[in-house]
Amino acid sequence: VMVSEVRTRVGKDWVAECRQQIAADYRARTPGSFELFKRASKVLPGGASGNLRYFAPYPLYMKSGDGCHSIDVDGTSYIDCFSCNGPLLLGHRHPAVTGAMAELADVGSLVVNPEIMIRCAEALQRVIPCAERVRFLNSGTEAVMSAIRYARAYTGKDKIVKFYGHYHGQDDQFLLGLGPSRETLGAGVPKEAVANTLTLRCNDSVGLEELLSSRDDIAAVIIDPAMHSGGLWGVDRDFLIQLRTQTQAAGIVLIFDEVITGFRMGVGGAQAYYGVTPDLTTLAKAMAAGEKLGAVVGSAEIMRVADPLADECVPRVFQSGTGNDGTMPLAAALGAIHEYERLSRSGEYEALWARVERLEQGLKEAFAGQGIGFHVNRLCSMMQMFISDRSPSYEAYADINNELLDLLYLALLNEGVMLSLPTSNHIYFSFMHDQTAFDATISAVRTVLAKYPFARAYQQQIEGN
């Protein structure tokens, strides 16, 4: 007998009831977004420019942002904890960023080899431990592609090692292993594209040693020190130390993908936080505080492969791009880096992390009060949540049913809190999130857990499993 048939006999489907109530309230609050969705769907697949931007019944459309708030087209203000998927560590329209951009308003959006490119590179060299040389690009995906190409050229080898649950941008060779298997993320990825990508369990010391000692064709190992895509489970420092030691001994290039962790785990990123220095690092997101800019930084010896002045015996990598040195993104990055340094000196990083820790405790109390299983992963100013009573681990949560969590995020929009987008579960706090914002967020969570039948839906979900 199907579970749905049993529920029909014994009573109401509380998950469906929860969904209907929340969606009805959402529609009533967001008529402007609904009208724009109908219009956008005629020109944009799903009415948005990215899969994460869409959620049912239709996405919000924003008109502005200020500090830790976003304002939608209906004029409703939201405490914004999604931060456009991470870049807005300084919040919306921070004066350090807008001021730096205004200073270069008369330069033009794109000139060849602007002087600010050098100043921005010098700033990265100052704050990122491995940054002996810098190459700017347009995005995190481009940065990863270039770092891998540098590593292959430098070593003369083809294989790359990535870890299950780690995301490294949208190049085909990395769109696999987002879960605990080699399954590709979506259609359109040829088998040949991932043939040179080896996969390994994160924090598996024995597996790492066996893999690296059994092959001589590995050019690089790439790792996200937060393990963000897999649920923000983080990476053990001891494992990072082992990874550094063994790759160095084997002549394998170690790449930290710090597109997410860069500047969020301190001004020096995860490598400074953990005290482990890789050969190359990829940066984007918070580096330019919302403007479109990426970078590869790292060893001068390895990055000689991109240097036209290198000796003839050095393999030559082609890497270029029309918008790699755009004036406004570079200005934004320079202003943001200076602000991150100031915030670091004044202890504001630790203060933000302490506020996030208190928020975590408040969330746990709210869910416990409703008898709902709940787990939080928190790393510095990043957070992910899980509605489950399972013992927490990456493998145990890889196939978790996130329907109630998605509904929670939708319900919170009805209370003026964008904790994350439904279907995303990415939560990024900014320095603009003060204790008032966090208190309001906890209050909103308590409200929606009481207002909608989450406790009954959760119990029904457990019984259905």
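**Exercise 1. Strand E10 and its surroundings**

Determine whether the residues of strand E10 are buried or exposed, and state what follows for the strand.

*Solution.* Five of the five residues of E10 are buried, so the strand is largely enclosed by the rest of the structure. The model under study is a predicted one.

Step 1. Consider the side chains. In a regular strand, side chains alternate between the two faces of the sheet. In E10, Gly294, Val296 and Gly298 point one way, while Ala295 and Val297 point the other way.

Step 2. Identify the pairing with E4. E4 and E10 run antiparallel and are joined by five bridges. Val134 stands opposite Val297 of E10.

Step 3. Identify the pairing with E9. E9 and E10 also pair in the antiparallel sense, over four bridges. Here Thr282 has Val296 of E10 as its bridge partner.

**Exercise 2. The seven-stranded sheet**

Establish the order of the strands in the open sheet, and explain which strands stand at its edges.

*Solution.* Step 1. The seven strands are arranged in the order E4-E10-E9-E8-E7-E5-E6, and their pairing is mixed.

Step 2. Strand E4 (133-137) and strand E6 (197-200) are at the edges; each has a single partner strand, so one side of each lacks a neighbour in the sheet.

Step 3. On average, and with direction ignored, neighbouring strands of this sheet are turned by 20° against each other.

Step 4. For a parallel pair, take strand E7 (residues 218-223) and strand E8 (residues 253-257), which are paired over four bridges. Ile223 stands opposite Phe256 in E8.

Step 5. Add the helix that lies across these strands. Helix H6 (residues 140-155) lies across E4, E5, E7, E8, E9 and E10, and runs at about 175° to E8.

**Exercise 3. Two packed helices**

Describe how helix H2 and helix H15 cross, and which residues make the contact.

*Solution.* Step 1. Two packed helices are described by the angle between their axes and the distance between the axes. The axes of H2 (residues 14-29) and H15 (residues 454-464) come within 8 Å and cross at roughly 145°.

Step 2. The crossing of H2 and H15 is left-handed.

Step 3. H2 contributes Trp14, Val15, Cys18 and Ile22, and H15 contributes Phe454, Arg456, Ala457 and Gln460. Sorted by class, the contact has six nonpolar, one polar and one charged residues.

**Exercise 4. Backbone exceptions**

Locate the cis peptide bond, and compare the surroundings of Asn85 and Thr423.

*Solution.* Step 1. Most residues other than glycine have a negative phi, and most peptide bonds are trans.

Step 2. A cis peptide bond, with omega of about 0°, joins Ala56 and Pro57. Pro57 is found in the loop between helix H3 (31-40) and strand E1 (62-66).

Step 3. Asn85 is not a glycine, yet has a positive phi of about 70°. Its place is the loop between strand E3 (77-80) and helix H4 (95-102). The relative accessibility of Asn85 is 13%, so this residue counts as buried.

Step 4. Thr423, also not a glycine, has a positive phi of about 80°. Thr423 lies in the loop between strand E13 (417-418) and strand E14 (427-428). With a relative accessible area of 47%, Thr423 is partly exposed.

**Exercise 5. The whole chain**

State how the radius of gyration of the chain relates to that of a compact globule.

*Solution.* Step 1. For 465 residues, a compact globule would have a radius of gyration near 23 Å; the chain has 23 Å, which agrees.

Step 2. Of the 465 residues, 56% count as buried. The secondary structure comes to 15 helices and 14 strands.

Notes: Residues are numbered from 1 along each chain as its sequence is written. Side-chain values use heavy atoms; hydrogens and water are left out. Axes are lines fitted to C-alpha atoms, for helices over the stretch in contact, and angles run from 0 to 180 degrees between N-to-C directions. A crossing is left-handed if the near helix is turned anticlockwise from the far one by less than a right angle, and right-handed if clockwise. Contact means heavy atoms within 4.5 Å. Ala, Val, Leu, Ile, Met, Phe, Trp, Tyr, Cys and Pro count as nonpolar, Asp, Glu, Lys and Arg as charged, and the others, Gly among them, as polar. Two strands pair if DSSP finds at least two bridges between them. The radius of gyration is taken over C-alpha atoms; the globule rule is 2.2 Å times the number of residues to the power 0.38. Buried means under 20% relative accessible area, exposed over 50%, partly exposed in between (1.4 Å probe, protein chains only).
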